[in-house]
Amino acid sequence: MTLLRDMCYPTPSELALAARALADEHPGRARLRRAGTSRGGRPLWVLSALPSGRPQGAGVLVVAGAHANEPVGGATALALARRVLHEPAIRAGRGWHFLLCADPDGAALHRTPRPHSLLDYHRNFFRPPGPEQPEWAPSLLPPDRLPPETLALTALIDELRPVLQVSLHGTDLGGSWVQLTRDIPGLAEPFAKSAAELRIPVETGASDAAGWPSPGPGIFVMPQPGADAAGAFHPEDTRLSTWYHAHRYAGTTAIVEVPMWASDLVDDPAPHPDPRGALRLLAGRLTADAALVARVRDRVPGAPEPGGGHGAGIGADPGAAALLRAVDWTLALIPRITVEWTGPGAPAEATAASIGSIDAFGRRLSLRAAAMLLRVLRAQGHPAAPGLDRLVTGWCEEFAARFQARRVPVAHQVEHQTRTVLATYERLVAAGTVNA
């Protein structure tokens, strides 16, 4: 695939063109259809690899592009679709369906198709606030306010009733890990083997899954609906996300994370000598960094109105409004997170990998807020832009240096996700939990 050889992440329009060509190449075995429309009027495309032989039961749904700043999923979806179409045994009796980009509006704002450094990645960074993210919206909004992207995704799940839903995600810097809504025995071994072969660290203490059961390195099982623990450091409740929608049909969801830049610091199983002391230091740094961004944010007039309206000072530019909503959302998260890090629930024991993952999580929060705010300032010619630019540059350099970041080739990211998805499906079938 040319896009992978060129080390470039495909845009939603490029994904649609490649998917159309693939459907034309395999008439009768593949089809491309529109499953919905985004808030901005962009199509939500689904590519289906139809089952070989007589249909035997529910199929697989693969979701890409749920987070605008994680573009690898679209490339993986196409690569996986090619693999499935060329190997009939994989789709024996079951169809495979690929939602190519769940948030095309967000993807249009995150303009980093070929990032060569963390700074390059953040130059045109965008990640929507939680209520505007298709998978997270149900955990933050009432049903009558869900965005059309969420409604299209849940309708697709209702239609397909997938035995397995896989959501393809990525992280800027760290390692790879898998989150499951139900345990899938035996997944840890092929997952670890693939990561080792491709020199991708396994993130054994992912902050996204703090406190969750871990049946193997880098494999985490989410809390079940009705359980007490929803996971630390997040305002969203995973149990209310679209990931659990597949449970209505006895399905299981897997979220496969892969890094753009790798760091061995998130794969260190050694006990940390003072987790609570480290978290206090990290909380102090995050608070100070957020304050620097907030002071600049206060100088930008026209905070977005509740519900996504445009305030004075940003005119009718929906891009600027979306960026500022995301900045405000991110800054509002930080006090809650620092309280969790320093409160009575902070862990007394933790691995070096866990503290490293939390360190990276905190750094990216303030950096993302600053980077998105900088985009608005540059567009306005704001006098604070040069100072904020220096801050973003310095934070990117410190982030990369602290974690000894090394670039993971796009082809390796895609290959690891592809292998993990196939291994997940194979282990699910082997476990005998797949209903006909």
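Modeller: Let's start with a term: a salt bridge is a side-chain nitrogen of Lys or Arg within 4 Å of a carboxyl oxygen of Asp or Glu. What you're looking at is a predicted model, where local features need pLDDT of at least 70 and side-chain atom pairs count only at pLDDT 80 or more, while totals for chains, interfaces and linings use all residues. Residues are numbered from 1 along each chain as its sequence is written, and side-chain values use heavy atoms, with hydrogens and water left out.

Colleague: OK, by this rule, how many salt bridges does the count come to?

Modeller: Side chains of opposite charge can pair when their charged atoms come close. Going by the rule, the number of salt bridges here is 20.

Colleague: Let's take one. How far apart are the closest N and O atoms of Glu132 and Arg325?

Modeller: Glu132 sits in the loop between α5 (118-123) and α6 (148-160), and Arg325 in helix α9 (residues 318-342), so their pairing ties together parts that are 193 residues apart in sequence. (Helices, H or I with at least four residues, and strands, E with at least two, are DSSP runs numbered from the N terminus.) The two residues form a salt bridge, and the N and O atoms that come closest are separated by 2.7 Å.

Colleague: And is Arg325 buried or exposed?

Modeller: Buried means under 20% relative accessible area, exposed over 50%, and partly exposed in between, with a 1.4 Å probe and protein chains only. Its partner Glu132 has 15% and is buried. Arg325, at 19% relative accessibility, also falls under the cut-off, so it counts as buried.

Colleague: Which residues are linked with Lys193 in a network of salt bridges?

Modeller: Start with one pair: the side chains of Lys193 and Glu197 meet in a salt bridge, 2.7 Å from N to O. They are 4 residues apart in helix α7, so about one helical turn separates them. Glu197 is partly exposed, at 46%. The residues that share the network with Lys193 are Glu197, Glu415 and Arg419.

Colleague: Moving inside, which residues touch the most other members of the largest nonpolar core?

Modeller: A nonpolar core is a set of buried Ala, Val, Leu, Ile, Met, Phe, Trp, Tyr and Cys residues joined through side-chain atoms within 4.5 Å. The largest one has 102 residues, and the members touching the most others are Leu47, Trp96, Phe98, Trp341 and Leu373.

Colleague: Which helix gives the largest share of this core?

Modeller: That helix contributes 14 residues and spans 352-380. There's also a second, separate core of 13 residues, including Leu44 and Ala152. For the largest core, though, the helix you want is α10.

Colleague: Where does Asp359 lie, and which residues is it in contact with, leaving aside neighbours within four places in sequence?

Modeller: Asp359 lies in helix α10. It is buried, with a relative accessible area of 4%. Contact means heavy atoms within 4.5 Å. Leaving aside those sequence neighbours, Asp359 is in contact with Leu282, Arg285, Arg402 and Phe403.

Colleague: Now the helices α2 and α3: are they roughly parallel or roughly antiparallel to each other?

Modeller: Axes are lines fitted to C-alpha atoms, for helices over the stretch in contact, with angles from 0 to 180 degrees between N-to-C directions. Under 35 degrees counts as roughly parallel, over 145 as roughly antiparallel, 65 to 115 as roughly perpendicular and the rest as oblique. The axes of α2 (residues 12-25) and α3 (residues 72-86) come within 11 Å and cross at roughly 5°. The pair is therefore roughly parallel.

Colleague: How do the residues of the contact of α2 with α3 divide?

Modeller: Among those meeting there are Leu15, Ala18 and Leu22 in α2, with Leu78, Arg82 and His86 in α3. Ala, Val, Leu, Ile, Met, Phe, Trp, Tyr, Cys and Pro count as nonpolar, Asp, Glu, Lys and Arg as charged, and the others, Gly among them, as polar. The contact residues divide into 8 nonpolar, 2 polar and 2 charged.

Colleague: Last one. What is phi of Gln404?

Modeller: Gln404 is in the loop between α11 (385-402) and β9 (406-407). At 61% relative accessibility it counts as exposed. Gln404 is a residue other than glycine, yet its phi is positive, near 50°.
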